[in-house]
Amino acid sequence: MEKVAFITGITGQDGSYLSELLLGKGYTVVGLVRRTVASDSAKMVNLSRIREHERLIMEYGDMSDMSSLTRIISHHKPQEVYNLAAQSHVGTSFKTPMSTVEINLNGCLNLLEAIRIIDPKIKFYQASTSEMFGDNIKCPQNENTVLSPVSPYACAKVGAHNLVQTYRKSYNMHASSGILFNHESPRRGENFVTRKITMAAARIKLGIQKELRLGNLDAERDWGFAGDYVYAMWLMLQQEHADDYVISSGSAHSVRDFLNYVFEHAGLDPDEYVIIDPKFYRPCEVPRLWGDSSKAKRILGWEPSVAYKELAIMMYEEDYERESKKSQTKD
């Protein structure tokens with residue numbers, strides 16, 4: 001029987017990589033998209049490689065509208081549902097806390113309820129996050145580390161994470177959460193620090209940009225490649241029993257390290273171009289996120305394939321090529 005997967009947040013970094021993976025495995029992929037996003041070609045760019053694929057179906061809907069989720073699930077009858085939709089920027093969550101909770105927490109609840117009512121045998125994946133560990137600096141962090149969220153984004157994600165566990169225990173649903181540490185790619189949103197750095201380096205190298213403004217350079221993060229991490233998502237839903245898994249590279253680096261490595265690769269001196277701007281500091285900082293994914297390696301057989309430095313170069317080189325083409329077009 002042909003498998004059908006329903007993906008929320010399909011136009012984002014993870015949604016696009018996951019769609020490509022599932023289409024390659026013969027799935028029909030149904031993606032949730034808001035009408036305002038569907039009409040914006042810039043927001044659909046991550047799906048450019050598969051946009052015309054015969055087994056890719058786009059459905060209009062909204063995470064805050066349970067009726068639209070129910071309609072899509074009832075009509076397409078997916079065996080797997082991947083909830084990747086979110087207001088995903090931590091800094092923005094302080095400015096829009098209510099809408100962040102509506103999407104990240106209530107949206108998850110709407111999906112779980114729709115599945116419970118329509119067909120509780122549907123397998124469900126929830127995109128949890130390392131930000132849930134917050135200011136708990138006990139490292140490396142694993143599935144049993146105490147959660148200590150310090151942003152509206154993280155608080156909403158903790159609530160959704162707990163809901164997944166509750167529905168798994170209460171209704172025997174195959175509902176799993178991936179506690180994903182920072183995962184990047186050339187498709188990462190331009191407001192995230194890694195992409196902000198690689199884009200700035202490319203634009204400065206090309207003479208398009210003169211400076212780069214950043215916040216806390218001492219924050220440490222565990223960075224991996226998004227393409228590796230979506231494979232872990234799929235593996236979770238292939239298991240006989242649902243569970244929660246930390247997905248990480250297993251090493252932590254500071255923002256300063258990432259900045260210096262990218263600029264060195266580009267032949268630039270960060271001291272000449274980088275300005276520390278207090279407005280980019282969070283109201284409450286998360287000092288260090290460093291994951292232990294030994295459980296995923298042991299049970300799922302998952303391993304990351306792209307190393308930290310390889311990832312940084314990949315992002316810079318693609319940004320350089322993209323910005324160079326833009327510059328030539330303008331000329």
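## Strand β1 and its partners

In this predicted model, strand β1 (residues 4-8) is joined to strand β2 (residues 28-33) by four bridges, and the two strands run parallel. Within this pairing, Ile-7 stands opposite Gly-31 in β2. Strand β4 (residues 80-83) is also joined to β1 by four bridges, again with the strands running parallel. Here the residue opposite Ile-7 is Tyr-82 in β4. Ile-7 of β1 can thus be located by two cross-strand positions, Gly-31 in β2 and Tyr-82 in β4.

The side chains of β1 alternate in direction: Val-4, Phe-6 and Thr-8 point one way, while Ala-5 and Ile-7 point the other way, and all are buried. Because five of the five residues of β1 are buried, the strand is largely enclosed by the rest of the structure.

## The seven-stranded sheet

Strand β1 belongs to an open sheet of seven strands, arranged in the order β3-β2-β1-β4-β5-β6-β11 with parallel pairing. The edges are formed by β3 (56-60) and β11 (244-247), each of which pairs on one side only. From one strand to the next, the twist averages 20°.

Two helices can be placed relative to this sheet. Helix α5 lies across β1, β4 and β5 (123-129), and runs at about 165° to β5. Helix α6 packs on the sheet and touches β5, β6 (175-180) and β11; its direction makes about 150° with that of β5. Strand β5 is therefore touched by α6 and crossed by α5, and both angles to β5 are over 145°, so each helix counts as roughly antiparallel to that strand.

## Packing of α5 on α6

Helices α5 (residues 97-118) and α6 (residues 152-171) also pack on each other. Their axes come within 8 Å and cross at roughly 15°, and α5 and α6 are therefore roughly parallel to each other. The crossing is right-handed.

On the α5 side, the contact involves Pro-97, Thr-100, Val-101, Asn-104, Leu-105, Cys-108, Leu-109, Leu-112, Glu-113 and Arg-116. These meet Pro-152, Tyr-153, Ala-156, Lys-157, Gly-159, Ala-160, Leu-163, Val-164, Tyr-167 and Tyr-171 of α6. By class, the contact of α5 with α6 holds 14 nonpolar, three polar and three charged residues. The charged residues include Glu-113 and Arg-116 in α5 and Lys-157 in α6.

## Packing of α7 on α9

A second helix pair is formed by α7 (residues 193-205) and α9 (residues 255-266), whose axes come within 10 Å and cross at roughly 25°. That angle makes α7 roughly parallel to α9. The crossing of α7 and α9 is right-handed.

From α7, the residues in contact are Val-193, Thr-194, Ile-197, Thr-198, Ala-201, Ile-204 and Lys-205. Their counterparts in α9 are Val-255, Phe-258, Leu-259, Val-262, Phe-263 and Ala-266. The contact of α7 with α9 has ten nonpolar, two polar and one charged residues.

## A buried glycine in the β8-β9 loop

Gly-215 is found in the loop between β8 (212-214) and β9 (220-221). Its relative accessible area is 10%, so Gly-215 is buried. Leaving aside neighbours within four places in sequence, the contacts of Gly-215 are with Ile-276, Asp-277, Phe-280 and Tyr-281. For one of these, Asp-277, the separation from Gly-215 is 62 residues in sequence and 5.5 Å in space, C-alpha to C-alpha.

## Backbone features in loops

The peptide bond from Cys-139 to Pro-140 is cis, with omega near -5°. Pro-140 is placed in the loop between β5 and α6.

Two residues other than glycine have positive phi values, Lys-77 and Asn-172. Phi of Lys-77 is near 50°, and this residue lies in the loop between α3 (66-76) and β4. With a relative accessible area of 57%, Lys-77 is exposed. Asn-172 has a phi of about 55° and is located in the loop between α6 and β6. Asn-172 also counts as exposed, because its relative accessibility is 70% and the cut-off for exposed is over 50%.

Definitions and conventions:
Residues numbered from 1 in each chain as written. Predicted model: local features only at pLDDT ≥ 70, side-chain atom pairs only at ≥ 80, totals over all residues. Heavy atoms only, no water. Axes fitted to C-alpha atoms, helices over the stretch in contact; angles between N-to-C directions. Parallel < 35°, antiparallel > 145°, perpendicular 65-115°, else oblique. Left-handed = near helix turned anticlockwise from the far one by under 90°. Contact = heavy atoms within 4.5 Å. Buried < 20%, exposed > 50% of the residue type's maximum accessible area, 1.4 Å probe, protein only. Pairing = 2+ DSSP bridges.
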